[in-house]
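I set out to record how selected helices pack and what surrounds selected strand residues. The entries below follow the order in which I looked things up.

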Amino acid sequence: MARRKKVYEGKAKILYEGPEPGTLVQYFKDDATAGNGAKKDVIDGKGVLNNRLSEFFMTGLSSIGIPTHFIRRLNMREQLIRHVEIIPLEVIVRNFAAGSMAKRLGMEEGTALPRPIVEFSYKDDALGDPLVPEEYIIAFGWASQQDLDDIVSLALRVNDFLSGVMHGVGIKLVDFKIEIGRIWENDYPRLVVADEISPDSCRLWDIETGAHLDKDVFRRDLGSLSDAYTEVARRLGVLPSNVTHRPKPTLIN
Ligand code: 5GP
């Protein structure tokens, strides 16, 4: 069988050329990183869970008319996606203060914000994805003012959808990051939600206990990341039956 051509490898995913022009295969790795790669581990089964969870969220978004890059899941670790031109921004939506915002402004984590806040970081690992104002984005040509207006409204619609879905299973959506891609249809650009939506890129807190069910478990050494992601998948009813993240017995024959 011919080997697939790798198009890009990131910290948590690999992109391969897809079967048809304009498509890619997105492979979810088990690798977990934090602090821009300073902390690394392999979490058995994380890729399988994130593949399923991202499929669940992307499919849900398209069902309410929000365009995404997702076409279909291919297997346990791979999904077929549309090849998009990624806008080099991390679009972050916050409902409650946490993480870098809480630190920057000296706010207590969990403080409710007066309204959802959308902010942008410039996607550049070497620079640690710095927060950038809209002025920079437009001046440096990363996106136009029209794009930004569309991105903000897209991000807020994603926020409404995700907050509602998570609330329905007893989880508070504190904040999340999405990436936006541009596709061309008959010479017209269209913005779509790209990359992934998973507990790697969201802050999810149990409404009752406040327990973290997201990548902060890994970033802050709060316990088992697999258990946290499995709990999210279980509540959403998307737990793949054969994910194993527990240590496997050693077979001796
Ligand atoms: P913060 O800016 O507080 O570190 O992150 C805000 C939100 O965006 C969190 O839900 C966090 O998981 C997500 N986020 C920010 N930067 C990244 C990133 O580089 N990768 C991923 N996967 N998520 C990010």
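The entries cover two helix pairs and then two strand residues.

**Entry 1: basis.** I note that I am working with a predicted model.

**Entry 2: α1 and α4.** I looked up helix α1, residues 46-63, against helix α4, residues 145-168. I find their axes 11 Å apart, at an angle of about 120°. An angle over 145 degrees would count as roughly antiparallel, and 65 to 115 as roughly perpendicular; α1 and α4 are therefore oblique to each other. I record the crossing of α1 past α4 as right-handed. On the α1 side, I list Phe56, Phe57, Gly60 and Leu61 as making the contact. On the α4 side, I list Val158, Phe161, Leu162, Val165 and Met166. Sorting this contact by class, I obtain eight nonpolar residues, one polar residue and no charged residues.

**Entry 3: α1 and α6.** I next looked up α1 against helix α6, which spans residues 225-236. Here I find that the axes come within 10 Å and cross at roughly 30°. I record the crossing of α1 past α6 as left-handed. From α1, the residues I list are Lys46, Leu49, Asn50, Leu53, Phe56 and Phe57. They meet Leu225, Ser226, Tyr229, Thr230, Val232, Ala233 and Leu236 of α6. By class, I count nine nonpolar, three polar and one charged residues in the contact of α1 with α6. I note that Phe56 and Phe57 of α1 are listed in the contact with α4 and also in the contact with α6.

**Entry 4: Lys39.** I turned to strand β5, residues 39-42, where Lys39 is found. Is Lys39 buried or exposed? I read a relative accessibility of 25%, so Lys39 counts as partly exposed. Leaving aside residues up to four places away in sequence, I find that Lys39 touches Ala32, Thr33, Ala34, Phe218, Arg219 and Asp221. With Asp221 I also find a polar contact, side chain to side chain, at 2.7 Å. As a distance check, I looked up Asn159, which is 120 residues from Lys39 along the chain. The C-alpha atoms of Lys39 and Asn159 are separated by 29 Å.

**Entry 5: Thr33.** I then followed the contact of Lys39 with Thr33. Thr33 lies in strand β4, residues 31-34. Its relative accessibility is 12%, so I enter Thr33 as buried. With residues up to four places away in sequence again excluded, Thr33 touches Lys11, Lys39, Lys40, Lys215 and Phe218. I note that Phe218 is listed for Thr33 and also for Lys39.

Notes:
Residues numbered from 1 in each chain as written. Predicted model: local features only at pLDDT ≥ 70, side-chain atom pairs only at ≥ 80, totals over all residues. Heavy atoms only, no water. Axes fitted to C-alpha atoms, helices over the stretch in contact; angles between N-to-C directions. Helix = DSSP H or I, 4+ residues; strand = E, 2+ residues; numbered from the N terminus. Parallel < 35°, antiparallel > 145°, perpendicular 65-115°, else oblique. Left-handed = near helix turned anticlockwise from the far one by under 90°. Contact = heavy atoms within 4.5 Å. Nonpolar A, V, L, I, M, F, W, Y, C, P; charged D, E, K, R; others polar. Buried < 20%, exposed > 50% of the residue type's maximum accessible area, 1.4 Å probe, protein only. Polar contact = N/O pair within 3.5 Å; in protein donor to acceptor, adjacent residues only side chain to side chain.
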